[in-house]
Amino acid sequence: MTALPTVDLTVYPFECDAFGHLNEASFLALFERARWDALAKGPGMDLFKRNQVWPAVRKATVEYRAGAFPGDVLSVETVLTDRGTTSFTMQHVAKRVLDGALIAEATLVFVCIDRAGRPTPIPDEVARALGGPRRTARDPLRVATGGADLAVEVRGEGSPILFIHGFPLDRTMWRHQLAGLSRWKRIAFDLRGAGASSAPADGYSVARYADDIVHVLDTLGIERTVVCGLSLGGYVLFELLRRHSARVRAAIFCSTKAAADSAEARRGREEMAALAEREGTGAIAERLVPQLLAPATFAAQPDVVAHVREMINRTPVPGLVGALRAMRDRPDSTPMLGGIKVPTLVVAGEGDKITPADGMRAMAQAIPGAQFVAIPAAGHLAPLEQPLATSRALADFLEGLR
């Protein structure tokens, strides 16, 4: 529960429509009035100003339950439901004092911004005043950006490396690398529409994913980082190099390719999107899992097979469809290969059916100075199928950057 007190507010005539009902558009203003009154009764209305931050609303949803009229007194309770690094979510519940009727509920996502409008960590005094659930060390951070709320996992200290997962997976595909690369600050997040991140109905593209990464880096105060992307994550890494190259210290491409989708591949993406919308994520798992993993993985590692199925099954359909169309519409990155100037590692699974090792070797040869490593007994998901070999390849490459 939040530390902010419940407040009583009177409905004014100017807030009501021509029929005398509290105007639905006025509910947001009423709830804002409730927040400021609660601050005045609690830590003070200058709480944010004295901490040099401002709570900017990034998303608001209101459910209208019953009519309210001029002169009604509404009791407004404010509950903090989530508090992340820069963002927090509040739920308002308005009830009529006279009869206890539930009038409206609202959920609002706020982001703390500084004077320049940039997201900034919630100050300690503000966090104490808000109260609410406190994250444990193992919980992800929450970063709000562009209509989505991203789950970001950060481990360790040192030079940073950021991991971008593939489709239709989430950050847990990097669990072995997050545990093993202990000399680095490891950052892994769920792309919008995946894992524990929120899944907007639209707005998916490799450009949007890349901009999300920059927002995460800004939130964490990181200027440059090594970036490791697998499959879809590799497409996003290309876009990051295209749009924000100054933020990339070194690049690691895993099981991905530079070329855009062919006409046939684009049709395949659309067919899979239609399948997801029609039959759900279970149908996608049935189709994709045999393609993602090597035969040896099916034979000897049932836990990996189960983990991959779980990741696919918990991907929201809007995020899955959005990712498919983002991949379908991505630009051709082949022309930029010769111009990549950062240290680069290309990692392939020897048994990869989706992005064969020979194609990835050719891609590495087109990047000046790039290193190439093939992981034996691995399909498309070498970091999960052969974690020791993959982590060793990454560690050797990273050691050369020190």
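Here is a walk through one helix pair and a few aromatic contacts in this predicted model.

Let's start with helix α5, which covers residues 206–220. It has 15 residues and reaches 21 Å from its first C-alpha to its last, close to the 21 Å you'd expect at 1.5 Å a residue. Look at how it sits in the fold: 11 of the 15 residues of α5 are buried, so the helix is largely enclosed by the rest of the structure. The buried set runs V206, A207, Y209, A210, D212, I213, V214, H215, V216, L217 and T219. Just after α5 comes G221, and this glycine takes a positive phi of about 70°.

Now bring in a partner. Two packed helices are described by the angle between their axes and the distance between the axes. Helix α6 spans residues 232–243, and its axis comes within 8 Å of the α5 axis, crossing at roughly 75°. Angles of 65 to 115 degrees count as roughly perpendicular, so that is the label α5 gets relative to α6. On the α5 side, the contact is made by V206, A207, Y209, A210, D211, I213 and V214. Facing them from α6 are L232, Y235, V236, E239, L240 and R243. Sort the contact residues by character and you get 10 nonpolar, three charged and no polar. Several of the α5 contact residues also turn up in the buried set, among them V206, Y209 and I213.

What about the aromatics? The model holds eight aromatic pairs. One of them joins Y12 and F14, a stacked pair with 5.7 Å centre to centre and 15° between the planes. Y12 has 37% relative accessibility, so it counts as partly exposed, while F14, at 70%, counts as exposed.

For another pair, turn to F27 and Y64. Their ring centres are 5.2 Å apart and their planes sit at 45°, so this pair is tilted. F27 belongs to helix α1 (residues 26–41) and Y64 to strand β2 (residues 54–64), so the pair ties together parts that are 37 residues apart in sequence. As for their surroundings, F27 has 2% relative accessibility and therefore counts as buried, whereas Y64, at 36%, counts as partly exposed. The two rings also have company: ring pairs link F27, F31 and Y64 into a cluster.

How values were computed. Residues numbered from 1 in each chain as written. Predicted model: local features only at pLDDT ≥ 70, side-chain atom pairs only at ≥ 80, totals over all residues. Heavy atoms only, no water. Axes fitted to C-alpha atoms, helices over the stretch in contact; angles between N-to-C directions. Helix = DSSP H or I, 4+ residues; strand = E, 2+ residues; numbered from the N terminus. Parallel < 35°, antiparallel > 145°, perpendicular 65-115°, else oblique. Contact = heavy atoms within 4.5 Å. Nonpolar A, V, L, I, M, F, W, Y, C, P; charged D, E, K, R; others polar. Expected span 1.5 Å × (residues − 1). Buried < 20%, exposed > 50% of the residue type's maximum accessible area, 1.4 Å probe, protein only. Phe/Tyr/Trp six-rings, centres within 6.5 Å; stacked < 30°, edge-to-face > 60°.
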